[in-house]
Amino acid sequence: MDVTVIIPNYNGMKYINGCLDSLYQGSLVPEVMVVDNGSTDGSPELIERDYPQCSLVRFPENTGFCRAVNEGIKRAETEFVLLLNNDIRADRDLVRCLRDAIAGRKNAFSVAAKMLSMQEPELIDDAGDLYCSLGWAFALGKGKGRERYSRPAEIFAACAGAAIYRRSVFEAIGYFDENHFAYLEDVDIGYRARISGYGNYYAPEAVVYHAGSAVSGSRYNEFKVRLASRNSVYLIYKNMPVWQILLNLPLLLAGIGIKALFFSGKGMGGTYIKGLREGIRLSASEQGRVQKVRFRREYAGNYLKIQRELWLNTIRRFTG
């Protein structure tokens with residue numbers, strides 16, 4: 001078997017049984033590795049007791065999504081790694097569909113699954129991620145009928161909640177950036193892959209059911225808003241050369257202003273602004289500067305292709 005499924009877990013007792021059962025009952029059973037981030041709810045003990053065929057890596061504390069999946073990727077020995085959130089229930093053919101989709105595209109870094117809402121399975125949760133010149137990442141199809149987005153497509157980045165990756169590419173572009181801790185790390189690594197000429201794709205025949213916000217608790221909360229705000233600034237700094245930042249600056253500032261108003265309306269305007277400040281400090285720090293993607297002339301064509309896509313995705317964000 002050339003696929004290892006890596007599941008980061010933090011206090012996932014409510015969901016981990018359903019996630020693992022769905023994988024082990026699938027039409028193609030992969031190697032499965034759970035990387036536990038210091039859970040205190042008994043979920044790692046449950047895995048050890050009820051799923052002896054599953055590899056379990058345990059950290060003494062919560063190291064964040066990026067550190068956990070990086071550990072799993074580095075330990076894996078297969079050609080492909082499939083990242084799966086612990087609050088996912090996989091369709092029977094998920095592993096086979098994703099494996100076939102990435103193996104059939106030699107330039108593919110990642111392939112995303114079609115994520116449906118676990119609570120309302122007739123609705124899409126994510127059909128691939130896009131990124132636009134407002135500095136926003138957004139999930140295609142969110143809240144729309146499951147019959148939509150039924151064709152394979154190239155996307156900007158795969159949602160790491162349910163996506164397969166070609167493991168060798170991590171050696172070329174780097175692993176998930178642990179400065180993120182969580183949120184937008186999957187857009188960042190997809191962006192880096194695009195700069196280097198790799199592709200990210202969406203396979204609608206690969207289906208999962210996603211509970212959503214199982215760890216953070218809700219779609220909008222102070223933890224998530226602050227980290228996502230911080231990481232949105234860091235994402236721009238890391239991946240855009242100065243000329244591209246200046247080219248997009250009016251739209252980037254507009255995007256920040258719109259989100260500031262949006263979160264102010266939810267009583268979290270201060271949290272959003274705090275995250276922006278943290279993002280600026282992270283970008284200016286030594287650890288941030290080390291991670292910046294250096295502009296390479298041979299990739300100029302890739303940057304131009306990405307820029308065109310950023311503009312088109314801005315239109316797509318408002319037109320559906």
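These exercises, with worked solutions, walk through a predicted model of one protein chain.

Residues are numbered from 1 along each chain as its sequence is written. The model is predicted, so local features need pLDDT of at least 70 and side-chain atom pairs count only at pLDDT 80 or more, while totals for chains, interfaces and linings use all residues; side-chain values use heavy atoms, with hydrogens and water left out.

**Exercise 1. The whole chain**

Task: Find how many helices and strands the chain has, and place its radius of gyration beside the globule rule.

Solution:
- Start with the elements. Helices (H or I, at least four residues) and strands (E, at least two) are DSSP runs, numbered from the N terminus. The chain has 11 helices and 12 strands.
- Next, take the radius of gyration, computed over C-alpha atoms; the globule rule is 2.2 Å times the number of residues to the power 0.38. The rule gives 20 Å for 320 residues, and the chain's value of 19 Å is close to it, so the chain is as compact as a globular protein of that length.
- Then box the C-alpha atoms along the principal axes. The box is roughly 55 × 40 × 40 Å.

**Exercise 2. Cover, contacts and charge**

Task: Work out what share of the residues is buried, what share of the contacts is long in sequence, and where the charges sit on average.

Solution:
- Buried means under 20% relative accessible area, exposed over 50%, and partly exposed in between (1.4 Å probe, protein chains only). By this rule, 55% of the 320 residues are buried.
- Accessible areas come from the Shrake-Rupley method with a 1.4 Å probe; for residues, only the protein chains shown count as cover. The chain exposes about 14000 Å², with 52% of it from carbon and sulfur atoms.
- Contact means heavy atoms within 4.5 Å. Among contacts with a separation of 6 or more, 77% join residues 24 or more positions apart.
- For charge, Lys and Arg count as positive and Asp and Glu as negative; His and the chain ends are not counted. Each charge is placed at NZ of Lys, CZ of Arg, CG of Asp or CD of Glu. There are 41 positive and 35 negative charges, and their mean positions lie 8 Å apart.

**Exercise 3. Strand 1 and its partners**

Task: Decide whether strand 1 is enclosed or open, and name strands that pair with it.

Solution:
- Count the cover. Seven of the seven residues of strand 1 (residues 3–9) are buried, so the strand is largely enclosed by the rest of the structure.
- Split the strand by side. Val3, Val5, Ile7 and Asn9 point one way, Thr4, Ile6 and Pro8 the other, and all are buried.
- Two strands pair if DSSP finds at least two bridges between them. Strand 1 runs parallel to strand 2 (residues 31–37), with six bridges. Here Ile7 is bridged to Val34.
- Strand 1 also pairs with strand 4 (residues 80–84), parallel, over four bridges. Thr4 stands opposite Val81, and Val3 opposite Phe80.

**Exercise 4. From strand 4 onward**

Task: Check the cover of strand 4 and find its antiparallel partner.

Solution:
- Five of the five residues of strand 4 are buried. Phe80, Leu82 and Leu84 line one side; Val81 and Leu83 line the other.
- Strand 4 pairs with strand 11 (residues 162–166) in the antiparallel sense, over five bridges. Leu83 faces Ala163 there.

**Exercise 5. Helix 3 and Asn37**

Task: Find what the buried residues of helix 3 pack against, then list the contacts of Asn37.

Solution:
- Eight of the 11 residues of helix 3 (residues 65–75) are buried, so the helix is largely enclosed by the rest of the structure. Among them are Phe65, Ala68 and Ile73.
- These buried residues pack against strands 1, 2, 3 (55–59) and 4, and against helix 5 (167–173) and helix 6 (185–195).
- Asn37 lies in strand 2. Asn37 is buried, at 4% relative accessible area.
- Setting aside neighbours within four places in sequence, Asn37 has contacts that include Asn9, Phe59, Phe65 and Ala68.

**Exercise 6. Loop residues**

Task: Locate Tyr149, Tyr183 and Pro152 in their loops.

Solution:
- Tyr149 is in the loop between strand 9 and strand 10. Its phi is near 50 degrees, positive in a residue other than glycine. Tyr149 is buried, at 17% relative accessible area.
- Tyr183 is in the loop between helix 5 and helix 6. Its phi is also positive, about 80 degrees, although Tyr183 is not a glycine.
- Pro152 is in the loop between strand 9 (137–139) and strand 10 (153–155). Beyond its neighbours within four places in sequence, Pro152 is in contact with Arg105, Tyr202 and Pro204.
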